[in-house]
Each structure stands twice: as structure tokens, then as C-alpha cells.
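Hello,

Here is the structure I promised to pass on to you. Please open it alongside this message, and I will go through what turned up in it.

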Amino acid sequence: MSPSSHRRRTASLLLAAAATLLLVPACSSGGGNSPSATSSPASSSAASPSASTGAVRITMKNFAFNPSTLTVKAGEKITVVNEDSAAHTVTATEGKAFDTGSIPGGKSGTFTAPSKAGSYPFACTFHPNMKGTLTVR
Ligand SMILES: [Cu+2]
């Protein structure tokens with residue numbers, strides 16, 4: 001009767017710490033103040049008038065969803081970009097409403113919003129503390 005299950009938990013904590021260490025040196029850009037003296041051009045119609053498809057996007061970075069809460073239209077396609085080195089998923093926590101499956105680090109995936117209006121909590125199946133909420137209207 002030895003409680004050996006405790007060892008497993010310690011091992012996974014070590015893994016998580018190692019993954020965090022791997023992530024740290026990734027951010028090397030920045031560079032402080034860039035001398036952008038250009039005043040924003042007035043009346044720039046930069047955004048294309050049509051092409052609203054695929055505009056909704058979730059980025060995964062530093063083990064978090066960004067944005068973590070978002071509102072989309074029913075059946076809208078959502079692009080998921082994984083900027084971490086670890087794999088992530090976007091998985092509905094209730095009712096299997098949607099699931100991207102595993103998205104490897106540096107890759108992207110898509111899923112389709114449910115056709116029924118409501119609030120859909122989601123999480124990463126690998127990192128359950130990565131959470132968000134998708135609202136369908
Ligand atoms: Cu994850």
C-alpha cells in the first residue's frame with residue numbers, strides 16, 4: 001500500500017516547468033521606442049470592404065488564449081493560431097460543440113462556431129487552465 005501515484009504528479013509538474021523555460025527566450029524583439037513620427041493618415045480606407053470571412057482569430061501564446069472571450073456569428077469559421085512551441089487545442093468544455101484537435105506549436109487550425117446561439121466555454125485539453133468563452137449570437 002504505497003501511494004506511488006504521487007510521483008506521477010511531481011513528474012508532470014517538472015514537465016510544465018521545462019516547457020515554460022523553453023518559452024522564455026522566444027521573445028527577442030521589442031527594441032523600445034521606435035521613432036515613428038508619421039502622423040496617422042487621414043481618411044485611409046485600408047480595410048477591404050467585403051471579405052469578412054475568416055476574420056475571427058484566436059491566438060495561443062504563453063499558454064493563454066487571446067482573446068479568451070469572443071463573440072461570433074452562428075456557424076462562423078474561426079482561425080486558431082498557435083504561437084507557442086507546445087501543442088494546444090480549442091475544445092468546448094461542454095457537449096463537444098467544437099474541437100480543433102491538437103494544433104502543434106507554430107501551426108494553425110480552424111473550427112466552426114456552433115449554429116445555436118449561446119455561451120460556450122472552451123479549454124485546451126492539454127492545459128486545462130487555458131480557458132476561454134465563445135459566445136454565439
Ligand atoms: Cu494547451
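Along the sequence, the residues that donate to the copper ion follow the spacing H-x35-C-x2-H. This is a predicted model, and in it the copper ion is coordinated by ND1 of H88, SG of C124 and ND1 of H127, at 1.9 to 2.1 Å. The two histidines link distant parts of the chain, 39 residues apart. H88 sits in the loop between strand 4 and strand 5 (91-92), while H127 sits in the loop between strand 7 (118-123) and strand 8 (131-136). Are these histidines buried or exposed? Both H88 and H127 are buried.

With the metal site in view, the overall layout may help you find your way around. The chain holds 1 helix and 8 strands, and read along the sequence it goes α-β-β-β-β-β-β-β-β. Of its 137 residues, 27% are buried. If you take the contacts between residues at least 6 apart in sequence, 50% of them join residues at least 24 apart. The chain exposes about 9,700 Å², and carbon and sulfur atoms supply 55% of that area.

Now to the sheets. One of them is an open sheet of 4 strands in the order 2-1-4-6, and its pairing is mixed. Its edges are strand 2 (64-66) and strand 6 (108-112), each of which pairs on one side only. From one strand to the next, the twist averages 25°.

Strand 4 (residues 77-82) is a good place to look within this sheet. On one hand, strand 4 runs parallel to strand 1 (residues 57-61), joined to it by 4 bridges; here M60 stands opposite N82 of strand 4. On the other, strand 4 pairs with strand 6 in the antiparallel sense over 5 bridges. You can pick out two of the partners by eye: T79 is matched with T110 in strand 6, and I78 with F111. How many residues of strand 4 are buried? The count is 5 of the 6, so strand 4 is largely enclosed by the rest of the structure.

There is another open sheet, with 4 strands in the order 3-8-7-5 and, again, mixed pairing. Strand 3 (69-72) and strand 5 each have a single partner strand, so each has one side left without a neighbour in the sheet. Strand 7 and strand 8 pair in the antiparallel sense over 6 bridges, and F122 stands opposite G132 in strand 8. Strand 7 and strand 8 are also the ones that flank the loop holding H127.

One more residue deserves a look: T100, in the loop between strand 5 and strand 6. Why does T100 count as buried? Its relative accessible area is 18%, and the cut-off for buried is under 20%. The side chain of T100 reaches the backbone nitrogen of V90 at 2.9 Å. Setting aside neighbours within four places in sequence, T100 is in contact with V80, T89, V90, T110 and F111. Two of these will be familiar from the strand pairing above: T110 is the bridge partner of T79, and F111 is the bridge partner of I78.

That is the tour. Enjoy exploring, and do write back with any questions.

Best wishes

Terms used
Residues numbered from 1 in each chain as written. Predicted model: local features only at pLDDT ≥ 70, side-chain atom pairs only at ≥ 80, totals over all residues. Heavy atoms only, no water. Pairing = 2+ DSSP bridges. Axes fitted to C-alpha atoms, helices over the stretch in contact; angles between N-to-C directions. Donors = N, O, S within 2.8 Å, 3.2 Å for Na, K, Ca; no water. Buried < 20%, exposed > 50% of the residue type's maximum accessible area, 1.4 Å probe, protein only. Polar contact = N/O pair within 3.5 Å; in protein donor to acceptor, adjacent residues only side chain to side chain. Contact = heavy atoms within 4.5 Å. Areas by Shrake-Rupley, 256 points an atom, 1.4 Å probe, with all protein chains shown as cover.
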